[in-house]
Structures are given as C-alpha cells and as structure tokens.
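Colleague: Got a minute to walk me through this one? Start wherever you like.
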Amino acid sequence: ALTTPSLPFQFEFPFKLHKILEDACSEGNESILSWHPNGACFRVHDKIELEKRILPRYLSSPKYRSFQRQLSAYKFSFERNPSCDRFR
C-alpha cells in the first residue's frame, strides 16, 4: 500500500485517492475508475477490478465497501446508476 509519512493522518486518504485517480488515468485503467469529464467528481465503473487490481496497491483494505466507508468519512456523496457509481 502507498505510504504517506510526511502527511498528517487526516490528509492521508484524500492524497491516496487523488493518486489512485491520477494513476488510473496514466496507466490506462479508466475503464475501472475515472474522473468525470467536469472534474468535480469521479466514477467507479468496475468494482471487482478496482478491488483486485487497484485498491491493494494503495490501501490497507482492498475491499470496495471499505473504500466507500472512507469516502463517506470524508463527506463524499454517492450516486449509483446502471453503468457506474459516482462520488462527488
């Protein structure tokens, strides 16, 4: 998992989240998760692949539900639709 020793604890998850999204874009994993075109939110397109391929690299718990709880703790709102989950 990605470590951020120079950041205060309360900033670790937001830093990791930004890194996850930027790396997904640069590594061609936008079919798994991506920034929304307006840049104000991001979308999770494939929860299973997110758990298997991406979250274990950055977070101590690679489960999608745990990822959702972290987002909720930082007051992200959640919107589910047929094609993806969107967080703002």
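Modeller: Sure. Keep in mind that this is a predicted model. Let's begin with the largest pocket. Its lining divides into 4 nonpolar, 4 polar and 2 charged residues.

Colleague: Which residues lie nearest the centre of that pocket?

Modeller: Glu-12, Phe-13, Lys-16, Leu-59 and Gln-70. The lining has 10 residues in total. Helix H1 (9-26) and helix H3 (64-73) are the elements that give two or more residues to it. H1 gives the most, with 4 residues.

Colleague: How much space lies in the largest pocket?

Modeller: About 240 Å³.

Colleague: How do people find empty space like that?

Modeller: A probe the size of a water molecule is rolled over the atoms, and that shows where space is left.

Colleague: New topic. What about the largest nonpolar core, how many residues has it?

Modeller: It has 18 residues. Leu-33, Phe-42, Leu-50 and Phe-67 have the most contacts inside it. H1, strand S2 (42-44), helix H2 (47-58) and H3 each supply at least two residues of this core. H1 gives the most here, with 5 residues.

Colleague: And Phe-67, which residues does it touch?

Modeller: Leaving out residues up to four places away in sequence, Phe-67 touches Phe-13, Leu-17, Phe-42, Val-44, Leu-50, Leu-55 and Leu-59.

Colleague: Last thing, cysteines. How many disulfides does the structure hold?

Modeller: It holds 0 disulfides. A disulfide is a covalent bond between the sulfur atoms of two cysteines.

Colleague: Is Cys-41 buried or exposed?

Modeller: Cys-41 is buried, because its relative accessible area is 2%, and the cut-off for buried is under 20%.

Colleague: Where does Cys-25 fall?

Modeller: Cys-25 has 40% relative accessibility, so it counts as partly exposed.

Note on methods:
Residues are numbered from 1 along each chain as its sequence is written. This is a predicted model: local features need pLDDT of at least 70, side-chain atom pairs count only at pLDDT 80 or more; totals for chains, interfaces and linings use all residues. Side-chain values use heavy atoms; hydrogens and water are left out. On a 1 Å grid over the protein atoms alone, a cavity is a set of points where a 1.4 Å probe fits but cannot get out, and a pocket is an open set with protein on both sides within 12 Å along at least five of seven lines; lining residues have an atom within 4 Å of a point. Grid points are joined across faces, edges and corners, and a volume is the space filled by probe spheres set on the points. Ala, Val, Leu, Ile, Met, Phe, Trp, Tyr, Cys and Pro count as nonpolar, Asp, Glu, Lys and Arg as charged, and the others, Gly among them, as polar. A disulfide is a pair of cysteine sulfur atoms within 2.5 Å. Buried means under 20% relative accessible area, exposed over 50%, partly exposed in between (1.4 Å probe, protein chains only). A nonpolar core is a set of buried Ala, Val, Leu, Ile, Met, Phe, Trp, Tyr and Cys residues joined through side-chain atoms within 4.5 Å. Contact means heavy atoms within 4.5 Å.
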